Amino acid sequence: CYLLEEEPISVAVQGVDSVSDGLADLAYMSLRFPSGIHGHIQVSWLSPRKIRQTTIVGSKKMVIFDDVDPVEKLKIFDKGVNQSAPYTETLEEFHWSYRRGDVLIPHVEFKEPLRLEIQDFIDSVANKTRPVADGYSGLRAVKVLEMADKSLKNGGVPVAIEPSDFSKIKKVYSQ
C-alpha cells in the first residue's frame, strides 16, 4: 500500500499445512489493486531459508530489493520485452524482442529498520506530523490480513476488499 499509494481491491490466499492441520506453514497471497497492478507474496514460517525479497517487474526496468543481503541490497535490471508492432494481422508477424541490458547495483547504506521507525515516530511527535507507519497503515494491514484469512479458509477464493472498508477504518482512526 505504501509503495503503490493505493489499497488493494481483492486478495486471494492459498496455503499448505504440512505440519499441523489448520495452520498454514506456507502461503501464497495475490493482491489486486485498482491501477491494475498485481502483487504476489510468498511466506513460510517453517522454511529453513530466511528470504526477504521484493521484486518489481516493470515495462522498462526491473528491481530486486533483498533485505537480507548485507552488500547488494538493491539491483536494477535494464531488462524487458518489446513488441515489434502494436498490431499485427497474423501470428507470424507478431514478434517480441528481449532486451538484456546492464545491472546497476547502487550502494544502500544499512540502517536498522526499527531504529528508523522509532526515529520517524519521535520526529512526528516533535513536528506534529503523521509518521509513515501510523495507526491507519496498521489498521489497513490488519484489514487486508483479515480478508486474506477469509480467502485462505475458503480454499483460496478471491475476497473483494471494498474501498468503503478502508474509509471506515480511516474514519475510526481519525476520531
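Begin by selecting strand 1 (10–16) together with strand 2 (residues 26–32), which in this predicted model pair in the antiparallel sense over seven bridges. Within that pair, pick alanine 12 and look across to strand 2, where its bridge partner is serine 30. As background for reading such a ladder, strands of a sheet pair through backbone hydrogen bonds, either parallel or antiparallel.

Now widen the selection to the sheet that holds this pair, an open sheet of four strands in the order 3-2-1-8 with antiparallel pairing. Strand 3 (38–43) and strand 8 (159–160) stand at its edges, and because each has a single partner strand, one side of each is left without a neighbour in the sheet.

With the sheet still on screen, it helps to colour the whole chain by secondary structure: the protein has three helices and eight strands, and from the N terminus on the elements run β-β-β-β-β-β-β-α-α-β-α. If you colour by accessibility instead, 19% of the 175 residues count as buried.

Next, go to the segment before strand 1, where glutamate 5 and glutamate 6 can be selected together. Which of the two backbones deserves a look at its torsions? Glutamate 5 has a positive phi of about 55 degrees, although it is not a glycine, and this residue is exposed, with a relative accessible area of 73%. Glutamate 6, by contrast, is buried and yet has no salt bridge, the nearest side chain of opposite charge being that of arginine 140, 10 Å away. What does the side chain of glutamate 6 contact? Show serine 35 as well, since a polar contact of 2.5 Å joins the side chains of glutamate 6 and serine 35.From there, move to strand 4 (residues 53–57) and strand 5 (residues 62–66), which pair in the antiparallel sense over five bridges. A hairpin joins strand 4 to strand 5 through four residues, and selecting glutamine 53 shows this residue standing opposite aspartate 66 in strand 5.

Stay on strand 4 and select isoleucine 56, which is found in that strand. Is isoleucine 56 buried or partly exposed? Isoleucine 56 has a relative accessible area of 45% and is therefore partly exposed. Switching to a surface representation and adding Tyr2, Leu3, Leu4, Ile37 and Val132 to Ile56 brings up a nonpolar surface patch of about 600 Å² made by these residues.

The last stop is the loop between helix 1 (113–127) and helix 2 (135–153), where arginine 130 has its place. Lysine 128 lies in this loop too, between helix 1 and helix 2, and its backbone has a positive phi of about 55 degrees, although lysine 128 is not a glycine. At 78% relative accessibility, lysine 128 counts as exposed.

Finally, display the side chain of arginine 130 and that of aspartate 134, which make a polar contact of 3.2 Å. To relate the loop to helix 1, draw a distance between the C-alpha atoms of arginine 130 and aspartate 120, which lie ten residues apart along the chain and are separated by 9.1 Å.

Terms used: Residues numbered from 1 in each chain as written. Predicted model: local features only at pLDDT ≥ 70, side-chain atom pairs only at ≥ 80, totals over all residues. Heavy atoms only, no water. Pairing = 2+ DSSP bridges. Helix = DSSP H or I, 4+ residues; strand = E, 2+ residues; numbered from the N terminus. Polar contact = N/O pair within 3.5 Å; in protein donor to acceptor, adjacent residues only side chain to side chain. Patch = residues over 30% accessible without salt bridge, like charges linked within 9 Å, V, L, I, M, F, W, Y side chains within 5 Å. Areas by Shrake-Rupley, 256 points an atom, 1.4 Å probe, with all protein chains shown as cover. Salt bridge = Lys/Arg side-chain N within 4 Å of Asp/Glu carboxyl O. Buried < 20%, exposed > 50% of the residue type's maximum accessible area, 1.4 Å probe, protein only. Lys, Arg positive; Asp, Glu negative; His and termini not counted.
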